[in-house]
Structures are given as structure tokens and as C-alpha cells.
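Ready for a few exercises? Have a go at each task before you read its solution.

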Amino acid sequence: MKNIVVLVSGSGSNLQAFIDACGNNIPNARIAAVISNKSDAYGLQRALNAGINVHCLSAVGYESREQYDEALATLIDIHQPDVIILAGFMRILSESFVLRYQGKMLNIHPSLLPKYTGLHTHQRAIDAGDKEHGTSVHFVTPELDGGPVILQAKVPIFDNDSAEEVASRVQAQEHVIYPMVVNWLVEERLIMQDGKAVLDGNTLGQSGLETE
């Protein structure tokens, strides 16, 4: 049984998708711990409701990002993680932290990477006149939202859509594809090799795979 550690900062809707998937769509893994940098993150309550270990590690009192990340890594390593999931963890991670876990740390970003790294992706897609938008699961590397993409899901953007309406469509897809990718990593079908995502021995392109 593989150990998963999930990092959250907010409501934890993707965390809930993993809680629901473990034992079903991810049969060979358990969530060993959920860690947040925010004491009021609802994701912590979701974990407690599921009987999962929780930790809150505030950045207050740490003089640098590197000091905080070292403390975070110490906390993570207690749980001997095989996979680390960023599920709305709203901190930029230091290079040393990322390299420590590179190849087993995943993130999901609400755009069709490499488009729209950073924040406010839904409104930026609307403002650009895009007809489709989506979400991307990728390996975490020191470059923000720049790691190799594994799987993307697309959603339409309709005339007069609000950012909230687009976000709702995107989030529904996130809850499907993120557990799927984590299961590939758990089953050792997915690896990061030479800066690329490799699934079942096949090197994926810049945009990874797309869901049907």
C-alpha cells in the first residue's frame, strides 16, 4: 500500500475527490496525511471527517521560504510518502524542496498548459476570446506551472460565460483526471524521465494526453 500526502490551503474539493477515490479508483494507496499552511482550510475538516492525519504548519515565524519548506519537508517525511499531491496549496515552493520530491510530486493547474500559468486563468481565457479552456495535471519542477504535463481535460467557453461558470466546468474535470493520474503514479506506470512525463514506456508530448 502506497502512502499519499496531500497539501492544501483551501476548501479541498480535489482532496475530497482523492478521499473518495482511495480504495476504489486508487485501490493500492492511502492518504497518510493532509497538511495545510492555513488553520482555517476546510480541507483539514474533510480529512478529519475521513479519519486522516492532519497537520497545520503556518509560515508565521519562519524567516525565509527555505526555512519553512525545510520544516514542511520534515513533516511530510514522517509519513514516508510515495506520492505528494498539491491540491490548491497556495505557496510557491523553493527549488530545494521541489528537487527533494521531484518525480513523485504532482500539481493540477486550471488551464491548458503551457497557456496561462499563474493566477486568474479562467478570466484570462475569457478575455482572450478562447473557445475552450481546461485543466492540466503535471509533475512539479522548480519552474512555476512549468513541469511536464501528463493529462489535460478541455471544457468549452460559451458566449457570456462568467469566470465562475468556467471554473465550475473545469473543477468537475479536475475531480476526474487528477485521481486517474495519481493512480498511474501509484501503479508505477507513470514516471518522470529526462524532464519528460513517460506513461507505459511512452514519452508524452508538451500537452500530455487529452481526455476523450
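Below are some short exercises on this predicted model, each with a worked solution.

**Exercise 1.** Work out how the rings of F18 and Y178 are arranged, and which parts of the chain they tie together.

*Solution.* Start with the general idea: a pair of aromatic rings is described by the distance of the centres and the angle of the planes. The structure holds three aromatic pairs. For F18 and Y178, the ring centres are 4.9 Å apart and the planes stand at 70 degrees. Centres within 6.5 Å make a pair, and planes over 60 degrees apart count as edge-to-face, so this pair is edge-to-face. Next, look at where the two residues sit: F18 is in helix α1 (residues 13–21), while Y178 is in helix α6 (residues 163–186). The pair therefore ties together parts that are 160 residues apart in sequence. Finally, check the surroundings: both F18 and Y178 are buried.

**Exercise 2.** Do the same for F97 and Y101: find the arrangement of their rings, then decide whether each residue is buried or exposed.

*Solution.* Here the ring centres are 5.1 Å apart and the planes are at 65 degrees, so this pair is edge-to-face. Now for the spacing: F97 and Y101 are four residues apart in helix α4 (residues 95–101), which means about one helical turn separates them. Buried means under 20% relative accessible area. F97 has 2% relative accessibility, so F97 is buried. Y101 has a relative accessible area of 2%, so Y101 is buried.

**Exercise 3.** Find what sits over the ring of Y68.

*Solution.* Go to the ring centre of Y68 and look 4.2 Å away: there you'll meet the charged end of R91, which sits over the ring.

**Exercise 4.** Describe the setting of H79: its place in the chain, its burial and its contacts.

*Solution.* First, the place: H79 is in the loop between α3 (65–77) and β4 (83–87). Second, the burial: the relative accessible area of H79 is 12%, so H79 is buried. Third, the contacts: setting aside neighbours within four places in sequence, H79 touches N3, V5, A32, A33, N53 and H55. With H55 there is a polar contact, side chain to side chain, at 2.9 Å.

**Exercise 5.** Place S111 in the chain and say whether S111 is buried or exposed.

*Solution.* S111 lies in the loop between β5 (105–109) and α5 (121–127). Its relative accessibility is 0%, so S111 counts as buried. Leaving out neighbours within four places in sequence, its contacts include Y116, T121 and H133. One more distance to try: the C-alpha atoms of S111 and K154 are 8.7 Å apart, although 43 residues separate the two along the chain.

How values were computed:
Residues are numbered from 1 along each chain as its sequence is written. This is a predicted model: local features need pLDDT of at least 70, side-chain atom pairs count only at pLDDT 80 or more; totals for chains, interfaces and linings use all residues. Side-chain values use heavy atoms; hydrogens and water are left out. Rings of Phe, Tyr and Trp (its six-membered ring) pair if their centres lie within 6.5 Å; planes under 30 degrees apart count as stacked, over 60 as edge-to-face and the rest as tilted. Buried means under 20% relative accessible area, exposed over 50%, partly exposed in between (1.4 Å probe, protein chains only). A charge sits over a ring if NZ of Lys or CZ of Arg is within 6 Å of the ring centre and within 35 degrees of the ring normal. A polar contact is a pair of N or O atoms within 3.5 Å; within protein, one must be able to donate a hydrogen and the other to accept it, and residues adjacent in sequence count only if both atoms are side-chain atoms. Contact means heavy atoms within 4.5 Å.
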